[in-house]
Amino acid sequence: GEHRYGETQADLREEVTRYARANHYVAHHFADPICGCGSRVFRLNLDDTAGAAVRTCVGCGDVHAIGDSGEYLDEADLEECACPCGGEVFELTAAVSLYRGSDDVRWFYLGCRCPACGLTAVYGDWKNEFNGYQELLSRV
């Protein structure tokens with residue numbers, strides 16, 4: 001059908017990879033956020049026009065700007081994400097596409113998997129000119 005589903009974080013990576021290939025900016029590296037409290041489930045607010053996303057831990061309430069989003073929050077109009085099933089919490093995976101022969105980021109992807117129904121999808125993607133993908137992904 002029009003949606004894809006999965007049972008694990010690995011299934012989410014497969015969906016991000018599929019989406020990135022269709023977008024013509026192949027995903028090269030991934031990061032799965034884990035809160036300091038150990039939780040892997042978050043609420044998500046994002047504005048992919050501004051290139052900003054914020055995750056809120058369901059376990060402890062910690063709020064964290066994803067990647068370099070903190071630099072763009074002033075101009076962002078963040079919207080709360082929800083699954084078509086009505087779920088409002090997600091496992092997240094971030095991915096980056098790099099410029100050829102470089103460690104510099106060309107495109108950023110943010111994928112979500114709804115633990116309630118298993119839907120996997122890319123909820124946000126945007127051009128990102130960050131130098132050094134390791135540093136960007138360490139901020140996820």
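Two strands are taken to pair when DSSP finds at least two bridges between them. On that basis, this predicted model contains an open sheet of four strands, in the order β5-β4-β3-β6, with antiparallel pairing. Strands β5 (63-65) and β6 (79-80) stand at the edges, and each has a single partner strand, so one side of each is left without a neighbour in the sheet. Further in, β3 and β4 (residues 52-57) run antiparallel to one another and are joined over six bridges.

A good place to look more closely is Asp-47, which belongs to strand β3 (residues 42-47). Its bridge partner in β4 is Ala-52. Ala-52 also appears among the residues that Asp-47 touches, together with Glu-75, Ala-76, Asp-77 and Leu-78, when residues up to four places away in sequence are not counted. Asp-47 is buried yet has no salt bridge. The nearest side chain of opposite charge is that of Lys-127, and it is 17 Å away; because a salt bridge requires the charged atoms to be within 4 Å, Lys-127 cannot serve as a partner here. The side chain of Asp-47 does, however, reach the backbone nitrogen of Thr-49 at 2.9 Å.

Attention now turns to the nonpolar interior. The largest nonpolar core has 29 residues, of which Leu-44, Ile-66, Phe-90, Val-96, Phe-108, Leu-110 and Tyr-123 touch the most other members. At least two residues of this core come from each of β3, β4, β7 (91-98), β8 (105-113), β9 (119-127) and α2 (133-138). Phe-108 has contacts with Ile-66, Ala-94, Ala-95, Val-96, Gly-124, Asp-125, Trp-126, Asn-128 and Leu-136, again leaving out residues up to four places away in sequence. Apart from the largest core lies another, of eight residues, including Ala-20, Ala-95, Tyr-109 and Val-122.

Two residues towards the start of the chain complete the picture. Arg-13 sits in helix α1 and is partly exposed, with a relative accessible area of 30%. Beyond residues up to four places away in sequence, Arg-13 touches Phe-30, Ala-31, Asp-32 and Thr-93. Tyr-25 lies twelve residues from Arg-13 along the chain, and the C-alpha atoms of the two are separated by 15 Å.

His-24 is found in the loop between α1 (9-22) and β2 (29-31). Its relative accessibility is 69%, so His-24 counts as exposed. The backbone here deserves a second glance: most residues other than glycine have a negative phi, whereas the phi of His-24 is positive, near 70°.

Conventions
Residues numbered from 1 in each chain as written. Predicted model: local features only at pLDDT ≥ 70, side-chain atom pairs only at ≥ 80, totals over all residues. Heavy atoms only, no water. Buried < 20%, exposed > 50% of the residue type's maximum accessible area, 1.4 Å probe, protein only. Lys, Arg positive; Asp, Glu negative; His and termini not counted. Polar contact = N/O pair within 3.5 Å; in protein donor to acceptor, adjacent residues only side chain to side chain. Contact = heavy atoms within 4.5 Å. Core = buried A, V, L, I, M, F, W, Y, C linked by side-chain atoms within 4.5 Å.
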